[in-house]
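Hi everyone, thanks for making time this morning. I'd like to walk you through some charged side chains, so please have a look at the screen.

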Amino acid sequence: MPELPDVEVVKQYADATSLHQKVQAVRVGERRMLEGVSAEELASRLEGHIFEATQRHGKYLFLGLGDANWLMLHFGMTGDLKYFKDPDKKPEYEQLLIDFSNGYHLAYDAPRKLGKIGMVEDIGSFVKEKGLGPDVMKSSFDFGTFQDTVAGRRAMLKTTLMDQRLMAGIGNVYSDEILFQTRVHPRTQINQLGEQKLEEVFHTMKEVLQTAIDCRADPDQFPSPYLIPQRYEGGKCPNCGGEVGKLKISGRTAYYCSNCQRE
DNA sequence: CCTATAGCCTGACGGC
DNA sequence: TGCCGTCAGGCTATAG
């Protein structure tokens, strides 16, 4: 569940449950998920400290413990956070378990172990080292910036939107939604779009992501003209009622309506 | 610069 | 029911 809106919802969840909580003990599951830090160092940098702030950049979440000390979480394809009191309620695939001094626990659950856990001193430096582009929901990421970012590129629009080095936050599902709402065929290259269309794509991108956040990234709550609830083989296009189809684009499956999104 | 593929992991699902 | 192949909202490395 981890594109920008999903991670934003996890951030809000962390805010509501774990902010101002003191970390008492830490246990690490799969060590392979650790990035640039040992389990011992991770524990010592968390234990005894209080979560004071959270921040998100693209699909990355950071939980701050003061003094240039941030817990970095990336959720891969299946990661999530769970806050609970009863040990019986602990998730099945916890890779990191934090005990708070109030008796509650925060678990990082990751069935497929595709995410990352780390510690960073400075988020800006981390973003730079990773080569991540600006967060697409930041207000400073405006149309002019978007235009400059994609200028001279020939890749497909879908691939460009998903390129975390250019702009951070969009993944396979939400790129499909943006293409659907702007009626762009998944194979369309970005340099085939005129300035007006590009601007429409930009505004739709912002709007789709904000709407998803407002709906707590729950497809059941999405407005009815959204493709995502119908994003599977045999789904019905919410616009024309036709059947939703799929294509392979850069190794990912793109769902679209061949009637509404013409080449 | 751009695309396609494989690998990392494990669960869910469809076909037989 | 059980087995098998395929696929899944991520990222990275590699090859052409």
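Let me start with a question for you: does Glu 41 count as buried, partly exposed or exposed? Keep in mind that this is a predicted model. Glu 41 comes out at 32% relative accessibility, and because buried means under 20% and exposed over 50%, Glu 41 counts as partly exposed.

Now, who is its partner? Glu 41 forms a salt bridge with Arg 45, and their closest N and O atoms are 3.1 Å apart. Both residues sit in helix H2, which covers residues 39-46, and they are four residues apart, about one turn of the helix. Arg 45 has 16% relative accessibility, so Arg 45 counts as buried. That gives us a salt bridge between Glu 41 and Arg 45 with a partly exposed acid and a buried base.

Next, Lys 90. Lys 90 pairs with Glu 94, with 3.7 Å between the closest N and O atoms. Lys 90 is partly exposed, at a relative accessible area of 45%.

My third pair is Lys 246 and Glu 233, a salt bridge whose closest N and O atoms are 3.4 Å apart. Lys 246 is in strand S10 (residues 244-249), while Glu 233 is in the loop between helix H7 (195-214) and S10, so this pair ties together parts that are 13 residues apart in sequence. Lys 246 is partly exposed at 42% relative accessibility, and Glu 233 is exposed at 55%.

Finally, the wider picture: the structure holds 17 salt bridges, and Glu 8, Arg 56 and Asp 135 are linked in a network of them. Thanks, everyone!

How values were computed:
Residues are numbered from 1 along each chain as its sequence is written. Chains are lettered from A and ligands numbered from 1 in the order in which they are written. This is a predicted model: local features need pLDDT of at least 70, side-chain atom pairs count only at pLDDT 80 or more; totals for chains, interfaces and linings use all residues. Side-chain values use heavy atoms; hydrogens and water are left out. A salt bridge is a side-chain nitrogen of Lys or Arg within 4 Å of a carboxyl oxygen of Asp or Glu. Helices (H or I, at least four residues) and strands (E, at least two) are DSSP runs, numbered from the N terminus. Buried means under 20% relative accessible area, exposed over 50%, partly exposed in between (1.4 Å probe, protein chains only).
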